[in-house]
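The following paragraphs lead the reader through a single structure, from its interior to its open surfaces. Please keep the sequence and the coordinates in view while reading.

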Amino acid sequence: MTTTTITGTPGPGIEEFEDVPVPAEHRRGLWSVSAVWFGFPMVLTCAIFGGLIVASLGFGRGMLAIATGSLILMLYVGALSYLAGRTGKNFALTAAETFGRRAAAIPSGFLATVVIGWFAFQTGMAGAILHDSLGWNERLTTLGTGVAFVAVTLLGIRALSVIGMIAAPFYVVLGLVAVGLAAADAPASPTTYQGTGVMSFGAAVTLVIASFVDSGTMTADFTRWSRSGREGFLAAFSAFPIGQTIALVIGGLIVALGGARDPGTAGGDFLGLLIEHGGLLVPLAVAFVFVNLGSVCTHCLYNGAVGWSQLTRGRMRRLTIVLGTAGVILAVAGIWSWFEQWLNLLGVIVPPIGAVVILDQLVLPRFGLGARGRVRALRWPPFAGWFGGSAAALLTHACAPQLSDAVVGLLTAAVVFTAACAITARDKEIRV
């Protein structure tokens with residue numbers, strides 16, 4: 001791998017350190033890394049989810065579910081970010097230490113592919129929203145936005161910082177404007193809003209977690225640029241709970257104030273509310289869709305490109321073009337219609353992966369278990385934890401919908417993995 005000095009403005013020549021830890025001299029300050037994460041979850045998608053949760057649970061229980069899910073994500077992503085800041089390793093390199101040098105290709109490839117699916121969903125969402133709100137041609141709009149998102153991702157980590165710094169305040173300003181417009185016509189206080197009860201509290205918590213658990217698990221791709229584990233955690237903290245909670249709460253308020261067109265299916269989508277009031281709000285709403293959803297799409301595509309570049313020894317920007325093209329094709333083909341099934345997949349399969357990495361590299365070594373520094377070709381305990389947690393989450397989804405699939409998966413993965421590590425350690429002692 002060649003190393004290019006990072007200087008000046010972002011451009012194709014900047015080294016992304018796809019297959020080695022980021023050197024100390026190339027690490028970035030807390031503000032820069034936080035800018036990458038802060039604006040990422042502050043997206044219209046989270047407003048939709050926050051609105052769906054409040055529409056189902058009512059204002060009080062809905063806000064409690066949002067707070068619970070955001071707290072869990074804070075601990076989950078924060079721990080992985082602390083590890084990334086301490087080591088400088090991206091997710092693929094981190095996974096190799098836990099799952100094994102060769103076997104890590106399975107979880108790394110899975111997640112690097114999952115985030116491309118998320119890129120496709122969000123790109124399709126941009127086309128669908130502009131079609132529904134303004135009557136634009138959905139497929140042409142989706143194609144154009146997808147190409148633009150790929151182009152921005154090619155600029156690398158610095159471009160993600162810039163778009164994050166633009167997207168976050170843009171969301172806050174227009175979100176508060178929408179809340180103000182809804183409040184002006186609200187029939188009652190938002191605290192009196194009663195939900196339909198369609199969604200359980202556990203399912204609502206899973207929805208909050210599933211909304212960003214894929215890129216949250218791959219947080220090392222962003223927070224590896226931090227100067228320390230502490231700064232890595234603080235960078236993630238800017239997103240979970242701060243950024244995501246703001247986004248979810250605004251969507252919940254839109255529904256509770258009666259400003260949502262269809263709270264049962266579109267949740268707290270406030271774009272229509274802005275467009276209805278006309279004037280300057282119309283072009284601002286259009287720009288908001290491109291910038292806001294562009295933020296999450298570029299981050300997801302960057303995740304996937306970094307992951308696959310490490311697995312294939314390819315270059316990040318070349319893979320950005322290949323994976324971005326595949327994502328845009330899926331978006332234009334209408335993958336957006338499978339959104340609910342996609343979220344169920346994320347809530348069931350992804351959380352156990354991060355759980356075993358956190359335990360293996362941050363918790364169990366304190367007790368003489370887990371990762372010991374030497375990278376093997378294959379380690380079976382992490383796979384036992386991942387598969388056990390996923391199976392438990394799947395059973396919960398099918399048989400106990402009142403519980404949170406994601407939480408059950410996290411806890412089960414932790415128990416199974418710890419037990420497997422203890423058995424492995426005991427077998428070694430017996431052989432000795």
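A residue counts as buried when its relative accessible area is under 20%, and as exposed when that area is over 50%. The model discussed here is predicted.

By this criterion, both F40 and F212 are buried. These two residues form an aromatic pair of the edge-to-face kind, with 5.1 Å centre to centre and 90° between the planes. F40 belongs to the loop between helix 1 (30-38) and helix 2 (44-57), whereas F212 belongs to the loop between helix 8 (201-210) and helix 9 (213-217); the pair therefore ties together parts that are 172 residues apart in sequence. F40 also pairs with F222, again edge-to-face, at 5.9 Å centre to centre and with 85° between the planes. This second pair likewise links distant parts of the chain, since F222 is located in helix 10 (residues 220-223) and lies 182 residues apart from F40. The relative accessible area of F40 is 0%, and the residue is buried because this value is under 20%. F222 is buried for the corresponding reason, with a relative accessible area of 1%.

The two pairs belong to a wider arrangement. W37, F40, F212, F222, F240 and Y302 form one aromatic cluster, and the structure as a whole holds 20 aromatic pairs. One member of the cluster also takes part in a backbone feature: the peptide bond from F240 to P241 is cis, with omega near 20°. P241 is found in helix 11, which spans residues 229-256.

Attention may now turn to the nonpolar interior. The largest nonpolar core has 131 residues, and those with the most contacts inside it are I53, F99, I254, F270 and L346. The surroundings of F270 can be listed in detail. Leaving aside residues up to four places away in sequence, F270 touches L44, A47, Y171, L174, G175, A178, I250, I254 and F288. Among these partners is I254, itself one of the residues with the most contacts inside the core.

Helix 8 offers a further view of the interior. Eight of its 10 residues are buried, so helix 8 is largely enclosed by the rest of the structure. The buried residues of this helix are G202, A204, V205, T206, L207, V208, I209 and A210.

How many cavities of 30 Å³ or more does the structure hold? There is one, and about 40 Å³ of space lies in the largest cavity. Its lining consists of L80, L83, A84, F91, T94, T217 and A220. Two elements, helix 3 (59-87) and helix 4 (91-99), give two or more residues to this lining. The largest share, three residues, comes from helix 3. By character, the lining residues of the cavity divide into five nonpolar, two polar and no charged.

The largest pocket contains about 1,100 Å³ of space. It is lined by 35 residues, of which L52, M199, G264, T265 and E340 are the closest to its centre. At least two lining residues each are supplied by helix 2, helix 5 (105-134), helix 8, helix 12 (263-266), helix 13 (271-276) and helix 16 (339-349). Helix 8, largely enclosed by the rest of the structure, is thus also among the contributors to the pocket lining. The lining of the pocket divides into 18 nonpolar, 11 polar and six charged residues.

Two loop residues complete the account. G135 lies in the loop between helix 5 and helix 6 (138-153). With a relative accessible area of 55%, G135 is exposed because the value is over 50%. The C-alpha atoms of G135 and D269 are separated by 16 Å, the two residues being 134 residues apart along the chain.

R313 is situated in the loop between helix 14 (281-312) and helix 15 (316-333). Its relative accessibility is 57%, so R313 counts as exposed. R313 nevertheless touches D19 and W308, not counting residues up to four places away in sequence. Its backbone has a positive phi of about 65°, although R313 is not a glycine. Finally, the C-alpha atoms of R313 and F59, 254 residues apart along the chain, are separated by 49 Å.

Conventions. Residues are numbered from 1 along each chain as its sequence is written. This is a predicted model: local features need pLDDT of at least 70, side-chain atom pairs count only at pLDDT 80 or more; totals for chains, interfaces and linings use all residues. Side-chain values use heavy atoms; hydrogens and water are left out. A nonpolar core is a set of buried Ala, Val, Leu, Ile, Met, Phe, Trp, Tyr and Cys residues joined through side-chain atoms within 4.5 Å. Buried means under 20% relative accessible area, exposed over 50%, partly exposed in between (1.4 Å probe, protein chains only). Contact means heavy atoms within 4.5 Å. On a 1 Å grid over the protein atoms alone, a cavity is a set of points where a 1.4 Å probe fits but cannot get out, and a pocket is an open set with protein on both sides within 12 Å along at least five of seven lines; lining residues have an atom within 4 Å of a point. Grid points are joined across faces, edges and corners, and a volume is the space filled by probe spheres set on the points. Helices (H or I, at least four residues) and strands (E, at least two) are DSSP runs, numbered from the N terminus. Ala, Val, Leu, Ile, Met, Phe, Trp, Tyr, Cys and Pro count as nonpolar, Asp, Glu, Lys and Arg as charged, and the others, Gly among them, as polar. Rings of Phe, Tyr and Trp (its six-membered ring) pair if their centres lie within 6.5 Å; planes under 30 degrees apart count as stacked, over 60 as edge-to-face and the rest as tilted.
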